[in-house]
Amino acid sequence: MRFWNRFEKSHTVDWARLGRRRTKGDLLAFLKEEAARFTPDDLNLMMINYDAKIKDLPAEYKAELSRYARIQITDGYNRLMTKTLESVHAKMKVSHALHRFAASAKRECTKGTAGDRLRSLKYLIAAYSVFIENEPPHPTGMPFPGGGAVEVFDGVYYCPVKDAWMDIDDALCSFCPAQQTPNLTKEERDSAAKEEKLTNYFYNYHG
C-alpha cells in the first residue's frame, strides 16, 4: 500500500488550520493529508537521528528505547495512514486542547532550522495518538531513565515522568492523556483496583 505523495521538502504544515479542526473525522483527514507529504526516507532519518541521540546509553537499554521508538514513529505513521473512523466516531468533537497543541507545534516546527521538517512529522503522529486514539505519544511499555515505563491499567494510562517533564516545551506532556504513575507497586495497584470495583458493585448495583 502506498501512502506517499510527490516529495515536497519545502512544504510547511498549516498548523493554524490544524487548530481549527473540530471533529475527529476532520482532524484525521487533515493529518493524513499532511502526513502523506512525507516519505519513507523521513521515517528512516527520524530513527537514525534517535539512535544517534541514545548511542552512549547501555546496550540493553538502548535496544529497548530504539524498539519502542520504532513503534512510536514507524508504526504510529502506519496506524495514522490506515485509520478509518465509523460515522459516529468521525462526528465526535476534538478536545479543546488541540488549539494549544497546534500553537505549540507551530512554535517548535517553524524555527527555520533543518530539523523543522522531521519535528513536524513527530507532531503529526503525536496528534493522531493523543487526539484520535486518546493514547500517550509514547507507546505502552516505553521505558524511561530512572526506571518505570508507560503503562495502561484498567483503561487508564500512566507515565512515570509526566510531572517531571510537564514544563519541557517539546515533551508533549501537557497534552498527553496519561496520568502520573502513582508511587505504588503493581500488586498495590491491583489490590486498590479490586477494592474499588467491589465498593462500586455494592454501592451501585441495583439488580
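## Notebook: helices, salt bridges and hollows

I began at H89, which lies in helix 5, residues 87-90. The model is a predicted one, and I keep that in mind throughout. H89 counts as partly exposed, at 38% relative accessibility. I then looked up its distance to I132. The two residues are 43 apart in sequence, and their C-alpha atoms are 9.4 Å apart in space.

**Entry: the chain as a whole.** I counted the secondary structure next. The protein chain has nine helices and three strands. In what order do the elements run from the N terminus on? I read them off as α-α-α-α-α-α-α-β-β-α-β-α.

I also noted how much of the chain is covered. The protein chain has 207 residues, and 40% of them are buried. Its accessible surface is about 12,300 Å². Carbon and sulfur atoms account for 53% of that surface. For contacts, I took those between residues at least 6 apart in sequence, and 64% of these join residues at least 24 apart.

**Entry: a serine in helix 4.** S66 sits in helix 4, which covers residues 59-82. Is S66 buried or exposed? I found a relative accessible area of 17%, so S66 falls under the 20% limit and is buried. Which residues does S66 touch, leaving out those up to four places away in sequence? I listed M47, Y50, D51 and I54. Helix 3 spans residues 40-53, and Y50 turns up again in the pocket entry below, among the residues nearest the pocket centre.

**Entry: salt bridges.** My count came to twelve salt bridges. I looked up three of them one by one.

The first joins the side chains of E33 and R37, at 3.8 Å from N to O. E33 is partly exposed, with a relative accessible area of 32%. R37 is buried, with a relative accessible area of 16%.

The second joins E108 and R107, with 3.7 Å from N to O. Here I asked which partner is buried and which is partly exposed. E108 is the buried one, at 6% relative accessibility. R107 is partly exposed, at 46%.

The third joins D116 and R119, with an N to O distance of 2.5 Å. Why are D116 and R119 about one helical turn apart? Both belong to helix 7, residues 116-132, and they are separated by about one helical turn because they are three residues apart in that helix. D116 is buried, with a relative accessible area of 12%. R119 counts as partly exposed, at 22% relative accessibility.

I then checked for salt bridges with shared partners. Such bridges join R17, E33, E34 and R37 into one network. The pair I looked up first, E33 and R37, is therefore part of a wider set that also takes in R17 and E34.

**Entry: the largest pocket.** I turned to empty space. Rolling a probe the size of a water molecule over the atoms shows where such space is left. The largest pocket holds about 910 Å³. How many residues line the largest pocket? I counted 29, and those nearest its centre are Y50, K53, Q72, K122 and H138.

I wanted to know where the lining comes from. Helix 3, helix 4 and helix 7 each supply at least two residues of it. Helix 7 gives the largest share, six residues. That is the helix in which I found D116 and R119. By class, the lining has 20 nonpolar, five polar and four charged residues.

**Entry: the cavity.** I finished with closed space. The structure holds one cavity of 30 Å³ or more. How much space lies in the largest cavity? I noted about 90 Å³. Its lining is made of 13 residues, and P137, H138, C159, C173 and C176 lie nearest the centre. By class, I found eleven nonpolar residues, one polar and one charged.

H138 appears in both of these last entries. It is listed among the residues nearest the centre of the largest pocket, and also among those nearest the centre of the largest cavity.

Notes. Residues are numbered from 1 along each chain as its sequence is written. This is a predicted model: local features need pLDDT of at least 70, side-chain atom pairs count only at pLDDT 80 or more; totals for chains, interfaces and linings use all residues. Side-chain values use heavy atoms; hydrogens and water are left out. On a 1 Å grid over the protein atoms alone, a cavity is a set of points where a 1.4 Å probe fits but cannot get out, and a pocket is an open set with protein on both sides within 12 Å along at least five of seven lines; lining residues have an atom within 4 Å of a point. Grid points are joined across faces, edges and corners, and a volume is the space filled by probe spheres set on the points. Ala, Val, Leu, Ile, Met, Phe, Trp, Tyr, Cys and Pro count as nonpolar, Asp, Glu, Lys and Arg as charged, and the others, Gly among them, as polar. Helices (H or I, at least four residues) and strands (E, at least two) are DSSP runs, numbered from the N terminus. Buried means under 20% relative accessible area, exposed over 50%, partly exposed in between (1.4 Å probe, protein chains only). Contact means heavy atoms within 4.5 Å. Accessible areas come from the Shrake-Rupley method with a 1.4 Å probe; for residues, only the protein chains shown count as cover. A salt bridge is a side-chain nitrogen of Lys or Arg within 4 Å of a carboxyl oxygen of Asp or Glu.
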